[in-house]
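I am opening a fresh notebook page for this one. Come along as I look things up, one entry at a time.

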Amino acid sequence: MKKEELTALGITDEQADKVLAMNGKDIEKHKKAAEDAKSQVTSLTQQLSDRDKDLEGLKAGAQNAEGLKKQLEELQGKYNTETEDYKKQLADRDYADALTAAMHGEKVAFTSKAAEKSIRDALMADRLALKDGKLEGFADRLKNLRESDPDAFKSDKPDPTFSGPMGAGGPPAGLSRAAQAARAAGGRFNPTPAGSADAETK
């Protein structure tokens, strides 16, 4: 939109400048978002455009009807295959991003990289419905996986501690299992001599 076009409608130069300024702000606001979206599909668009040019070139320069028909069929088959491959790549990327976001949202922690890969592969192979960038039913699927393969996930529960002695001579209250094991080992290597307690009291 040009200033001359606005003034031709009967508005003043000052009003025309204000309209152009407002319009310019809106354009700049959405310009970057449009450029980002465009860059994501540039490669795919270019390759699809190349396939279209190949098809049009064959049609324009056809000399042999039968040969042309065969070439067109082969090229069309290749075109269709590549198009489906590109669509699948985009779908795989969107699903993987949604899966990562879902795991982050549920604060999922794995016991190892191998365990994480195994669970992700299972979720990628048997996919949930993806709607508005989110996986439907992810919490239920995660619960089932935790039950079927608990060793793959880190427990969010602390190590158990004992709240009281375990019978005569048992460990003191509040000691963890590791501390109890260390004390027991020390007792085996440094046993109390028989009668030492009596000697101390005399």
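**Entry 1: the surface.** I began with the outside of the protein chain, which exposes about 15600 Å². Carbon and sulfur atoms supply 53% of that area. I note here that I am working with a predicted model.

**Entry 2: the inside.** Next I asked what share of the residues of the protein chain counts as buried. I found 15% of the 202 residues.

**Entry 3: the outline.** I then looked up the secondary structure and found eight helices and two strands. Following the protein chain along its sequence, I wrote down the pattern α-α-α-α-α-β-β-α-α-α. I also checked the contacts with a separation of 6 or more: residues 24 or more positions apart account for 47% of them.

**Entry 4: a pair of helices.** I reminded myself that two packed helices are described by the angle between their axes and the distance between the axes. With that in hand, I turned to helix α4, residues 65–105, and helix α5, residues 113–125. Their axes lie 11 Å apart, and the packing angle is about 130°. Why do I call α4 and α5 oblique to each other? An angle of about 130° falls outside the ranges for roughly parallel (under 35 degrees), roughly perpendicular (65 to 115) and roughly antiparallel (over 145), so it counts as oblique. I also noted that the crossing of α4 past α5 is right-handed.

Which residues make this contact? On the α4 side I listed Asp92, Tyr95, Ala96, Leu99, Thr100 and Met103. From α5 come Ile119, Arg120, Leu123 and Met124. Sorted by class, the contact of α4 with α5 has seven nonpolar residues, one polar and two charged.

**Entry 5: Leu142.** I picked Leu142 next, which sits in helix α6, residues 138–148. Is Leu142 buried or exposed? Its relative accessibility is 7%, and buried means under 20%, so Leu142 counts as buried. Setting aside residues up to four places away in sequence, I found that Leu142 touches Glu106, Val108 and Phe153. I followed up on Val108: Leu142 and Val108 are 34 residues apart in sequence, and 9.0 Å separates them in space, C-alpha to C-alpha.

**Entry 6: Arg51.** My last stop was Arg51, in helix α3, which covers residues 42–60. At 15% relative accessibility, Arg51 counts as buried too. Which residues does Arg51 contact, leaving aside neighbours within four places in sequence? I noted Tyr79 and Glu82. Both of these contact partners go down beside Arg51 on my page.

Definitions and conventions
Residues are numbered from 1 along each chain as its sequence is written. This is a predicted model: local features need pLDDT of at least 70, side-chain atom pairs count only at pLDDT 80 or more; totals for chains, interfaces and linings use all residues. Side-chain values use heavy atoms; hydrogens and water are left out. Helices (H or I, at least four residues) and strands (E, at least two) are DSSP runs, numbered from the N terminus. Buried means under 20% relative accessible area, exposed over 50%, partly exposed in between (1.4 Å probe, protein chains only). Contact means heavy atoms within 4.5 Å. Accessible areas come from the Shrake-Rupley method with a 1.4 Å probe; for residues, only the protein chains shown count as cover. Axes are lines fitted to C-alpha atoms, for helices over the stretch in contact, and angles run from 0 to 180 degrees between N-to-C directions. A crossing is left-handed if the near helix is turned anticlockwise from the far one by less than a right angle, and right-handed if clockwise. Ala, Val, Leu, Ile, Met, Phe, Trp, Tyr, Cys and Pro count as nonpolar, Asp, Glu, Lys and Arg as charged, and the others, Gly among them, as polar.
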